[in-house]
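I opened my notebook to record what I looked up in this structure. I took the ligands to begin with, then the helices, loops and cores.

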Amino acid sequence: MALEIQRMFATYGEGIVLHGVSLKAEKGKVTALVGRNGAGKTTTLKALMGLVSAPAGQIELDGKHLEGLPAYERARAGIGYVPQGREIFPQLTVRENLELGMEANPSVHEIPESLFETFPILREFLNRKGGDLSGGQQQQLAIARALVARPRVLVLDEPTEGIQPSVVSEIGRVLGQIKQDVAVLLVEQYLEFALEVADDVYVIEKGEIVQHGAPDALDQEALKQTMAL
Ligand SMILES: Nc1ncnc2c1ncn2[C@@H]1O[C@H](COP(=O)(O)OP(=O)(O)O)[C@@H](O)[C@H]1O
Ligand SMILES: [Mg+2]
């Protein structure tokens, strides 16, 4: 299972925000896209999902081209998206949130048991409203909701944002587990976490990839400069 983005451009109105971003994420690895606030991380994911204007670029998921498809068809092709800020439904129960996740894959009719092995807290809280969960629990719900549809690629936008350290390490552990079955593309501004969990890292600055490599192969000086505010 592999996702490849090639020479992706994205625009908001007149402004070009991505200038030919290329990256690859494959099963067995956590691939991280890191960069400071405003670098274009979220826009890269939105361009991938068909949620912003992307006038040029290619997206291949296991050989199938997705560029040009509407957003729901990209999700159905097997991209599970955990957006920045989680966006779970606070008024719906944990179970209902998970059931909504199934809609991306018509062949899934029930919540797989394995999901509760990964996230035991969700079984316990199945009938609670999403809004009553802690931030860390909501993030676990958002990840679980994306996994319910058995995606080929799991894409996460800053899953550590606003979450306490114990849950951050729990999410790191879960990603290490999930990558055995699904390609994981992790967008992060929290560099230390990204370097710890990722097998492969892309560094984005002003809408361009400026470095790519294994965490210990990156130019640390350049990386510090890229990430500095
Ligand atoms: N809806 C929008 N309209 C106009 N510009 C936007 C919009 N969303 C993001 N941008 C701009 O695009 C650039 C990249 O933003 P974003 O992808 O959100 O960065 P990141 O996720 O890396 O923090 C920033 O300069 C930001 O101001
Ligand atoms: Mg962002």
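**Entry: ligand 1**

I listed the residues around ligand 1. They are Tyr 12, Val 17, Arg 36, Asn 37, Gly 38, Ala 39, Gly 40, Lys 41, Thr 42 and Thr 43. I note that this is a predicted model.

I then looked up polar atoms. The side chain of Tyr 12 has an N or O atom 3.5 Å from a nitrogen of ligand 1. For Asn 37, a side-chain N or O atom is 3.3 Å from an oxygen of the ligand. Gly 40 uses its backbone: a polar atom there is 3.0 Å from an oxygen of ligand 1. How much of ligand 1 does the protein bury? Alone, ligand 1 exposes 560 Å², and the protein buries 55% of that.

**Entry: helix α1**

Which element gives the most to the shell around ligand 1? I found α1, with 3 residues. I checked how enclosed this helix is. Of its 9 residues, 8 are buried, so α1 is largely enclosed by the rest of the structure. The buried ones are Lys 41, Thr 42, Thr 43, Thr 44, Leu 45, Ala 47, Leu 48 and Met 49. Gly 50 follows the helix, and its phi is positive, near 85°.

**Entry: the magnesium ion**

Ligand 2 is a magnesium ion. I looked for its donors. They are OG1 of Thr 42 and OE1 of Gln 84, at 2.0 to 2.4 Å. Thr 42 sits in α1 (residues 41-49), while Gln 84 sits in the loop between β6 (79-82) and α3 (94-102), so the pair ties together parts 42 residues apart in sequence. Gln 84 is partly exposed, at 28% relative accessible area.

**Entry: Arg 86 and Gln 138**

I went on to Arg 86, which is also in the loop between β6 and α3. Its phi is positive, near 75°, though Arg 86 is not a glycine. I wrote down the general rule: most residues other than glycine have a negative phi. Is Arg 86 buried or exposed? It counts as buried, because its relative accessibility is 14% and the cut-off for buried is under 20%.

Arg 86 turned up again when I looked at Gln 138. Gln 138 belongs to helix α6 (residues 135-147). Leaving out residues up to four places away in sequence, Gln 138 touches Arg 86, Ile 88, Gly 130, Gly 131 and Leu 133. Gln 138 is buried, at 17% relative accessible area.

**Entry: Asp 62**

I found another positive phi at Asp 62. The value is about 45°, and Asp 62 is not a glycine. Asp 62 lies in the loop between β4 (53-61) and β5 (64-65). It is partly exposed, with a relative accessible area of 35%.

**Entry: Leu 23**

Next I looked at strand β2 (residues 15-26), which holds Leu 23. Leu 23 is buried, with a relative accessible area of 2%. What does Leu 23 touch beyond four places in sequence? I counted off Leu 3, Glu 4, Ile 5, Leu 33, Thr 44, Leu 185 and Tyr 202. One of these, Thr 44, is among the buried residues of α1. I also took a distance. From Leu 23 to Ser 114 it is 30 Å, C-alpha to C-alpha, and 91 residues in sequence.

**Entry: the nonpolar cores**

In soluble globular proteins, nonpolar side chains tend to be buried together. I looked for such groups here. The largest nonpolar core has 45 residues. Which members touch the most others? They are Leu 98, Ile 143, Leu 154, Leu 175 and Ile 178. Another core, of 28 residues, lies apart from it. Leu 3, Val 52, Ala 77 and Tyr 81 are among its members.

I followed up Leu 98. Beyond four places in sequence, Leu 98 contacts Ile 111, Leu 115, Phe 116, Leu 126, Leu 141, Ala 144, Arg 145 and Val 148.

**Entry: Arg 173 and Tyr 190**

Arg 173 is in helix α7 (residues 165-178). It is partly exposed, at 44% relative accessible area. Its C-alpha is 8.1 Å from that of Val 197, and the two are 24 residues apart in sequence.

Tyr 190 is in the loop between β8 (183-188) and α8 (191-197). Tyr 190 is partly exposed too, at 37%. Leaving aside neighbours within four places, Tyr 190 contacts Thr 160 and Val 168. The C-alpha atoms of Tyr 190 and Leu 156 are 13 Å apart, with their positions 34 residues apart along the chain.

How values were computed:
Residues are numbered from 1 along each chain as its sequence is written. Chains are lettered from A and ligands numbered from 1 in the order in which they are written. This is a predicted model: local features need pLDDT of at least 70, side-chain atom pairs count only at pLDDT 80 or more; totals for chains, interfaces and linings use all residues. Side-chain values use heavy atoms; hydrogens and water are left out. A nonpolar core is a set of buried Ala, Val, Leu, Ile, Met, Phe, Trp, Tyr and Cys residues joined through side-chain atoms within 4.5 Å. Buried means under 20% relative accessible area, exposed over 50%, partly exposed in between (1.4 Å probe, protein chains only). Contact means heavy atoms within 4.5 Å. Donors are N, O and S atoms within 2.8 Å of the metal (3.2 Å for Na, K and Ca); water is not among the atoms, so sites may look incomplete. Helices (H or I, at least four residues) and strands (E, at least two) are DSSP runs, numbered from the N terminus. A residue is near a molecule or strand if one of its heavy atoms lies within 4 Å of it. A polar contact is a pair of N or O atoms within 3.5 Å; within protein, one must be able to donate a hydrogen and the other to accept it, and residues adjacent in sequence count only if both atoms are side-chain atoms. Accessible areas come from the Shrake-Rupley method with a 1.4 Å probe; for residues, only the protein chains shown count as cover.
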